[in-house]
Amino acid sequence: MRSASQRRELLKAVFEEAQGCVRCPLHETRTRVVFGAGNADADLMFVGEAPGANEDRQGLPFVGQAGKLLDRLLAEIGLERGDVFICNTIKCRPPDNRDPYPHELDSCQPYLFRQIDLIEPIVICTLGNFATKLLRADPTGISRLHGQAEVRVIGPRAVRLYPLFHPAAALYTPATLETLRTDFARIPELLAQGAPPQPEPVESVPEPAPETDDLVAAAEQQLGLF
Ligand code: URA
């Protein structure tokens, strides 16, 4: 079991690696890599779809209208961003906010899996179809799955996966917002259940020591709580 500070240091190393990522063509059009932000020691993680224009400008996830709604929903269950970790299936904005392409999801997936591995959340809320399909490795859509928690093994960890409607889908549809609120209200109960039984660990790979350079300050800001 890693300490909170070990988690942060290791996550910073992944952050730094992602800053220079050229694994897919989105690096040509992005302004900033949107790695994710929040508490590296969080029990609760949210995985959205992809950065939009605001996120691309600021380098932070969910800073637009959908993010404001996410903040409100968190507040309704007594949480704030500093309590959770928020990221996306892909770390760079697709031009014109188009859907992520399969090869972009594939190239970015190792970052997400390392984030999950290092943060070791109890609950992962997938926001919308892309994150839900990716982390369940199944094409079933969010309308059928929202609000139904299940234990899933993701990389080396078992987590409580909890699909939710994407907040953007709830912005202008009151019925979706009501459903999202109802589903959100069950998050504290899921957290209280604690981590599910874990699979037997596979042989451990030595973890690289993080480098110290200018990016560390940026990583500190994003991973060092709000
Ligand atoms: N929508 C997402 O899925 N992610 C963001 O970061 C912002 C909007």
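A polar contact here is a pair of N or O atoms within 3.5 Å. Keep that cut-off at hand for the exercises below, and remember that the model is predicted.

**Exercise 1. Find which residues surround the ligand, and sort them by class.**

Step 1: Start at the ligand and look outwards. Gly-48, Glu-49, Ala-50, Glu-55, Pro-61, Phe-62, Asn-88 and His-166 surround the ligand.

Step 2: Now sort this shell. The residues around the ligand fall into 3 nonpolar, 3 polar and 2 charged.

**Exercise 2. Work out which polar atoms of the protein pair with the ligand, and how much of the ligand is buried.**

Step 1: Begin with the backbone of Phe-62. One of its N or O atoms is 3.0 Å from an oxygen atom of the ligand. Because the cut-off is 3.5 Å, this pair at 3.0 Å counts as a polar contact.

Step 2: Move to Ala-50, where a polar backbone atom lies 3.1 Å from a nitrogen atom of the ligand.

Step 3: Turn to a side chain. An N or O atom in the side chain of Asn-88 is 2.7 Å from a nitrogen atom of the ligand. On its own the ligand would expose 240 Å², and the protein buries 89% of that area.

**Exercise 3. Describe the pocket that holds the ligand.**

Step 1: Identify the space. The ligand takes up the second largest pocket.

Step 2: Give its volume, which is about 430 Å³. This pocket is lined by 24 residues, and those closest to its centre are Ala-50, Pro-51, Gly-52, Glu-55 and His-166.

Step 3: Ask which helices take part. At least two lining residues come from each of α2 (53-58), α3 (65-76) and α5 (129-136).

Step 4: Check the chemistry of the wall. The lining of the second largest pocket has 10 nonpolar, 10 polar and 4 charged residues.

**Exercise 4. Search the structure for enclosed space and describe what lines it.**

Step 1: Count the cavities. The whole structure holds 1 cavity of 30 Å³ or more.

Step 2: Take the volume of the largest cavity, about 90 Å³. Its lining has 14 residues, with Cys-21, Cys-24, Arg-30, Cys-92 and Cys-108 closest to the centre.

Step 3: Look for the main contributor. Helix α4 (residues 102-119) gives the most to this lining, with 3 residues.

Step 4: Finish with the classes. In the lining of the largest cavity, 9 residues are nonpolar, 2 are polar and 3 are charged.

Methods:
Residues are numbered from 1 along each chain as its sequence is written. This is a predicted model: local features need pLDDT of at least 70, side-chain atom pairs count only at pLDDT 80 or more; totals for chains, interfaces and linings use all residues. Side-chain values use heavy atoms; hydrogens and water are left out. A residue is near a molecule or strand if one of its heavy atoms lies within 4 Å of it. A polar contact is a pair of N or O atoms within 3.5 Å; within protein, one must be able to donate a hydrogen and the other to accept it, and residues adjacent in sequence count only if both atoms are side-chain atoms. Accessible areas come from the Shrake-Rupley method with a 1.4 Å probe; for residues, only the protein chains shown count as cover. On a 1 Å grid over the protein atoms alone, a cavity is a set of points where a 1.4 Å probe fits but cannot get out, and a pocket is an open set with protein on both sides within 12 Å along at least five of seven lines; lining residues have an atom within 4 Å of a point. A molecule sits in a cavity or pocket if more than half of its atoms lie within 2 Å of its grid points. Ala, Val, Leu, Ile, Met, Phe, Trp, Tyr, Cys and Pro count as nonpolar, Asp, Glu, Lys and Arg as charged, and the others, Gly among them, as polar. Grid points are joined across faces, edges and corners, and a volume is the space filled by probe spheres set on the points. Helices (H or I, at least four residues) and strands (E, at least two) are DSSP runs, numbered from the N terminus.
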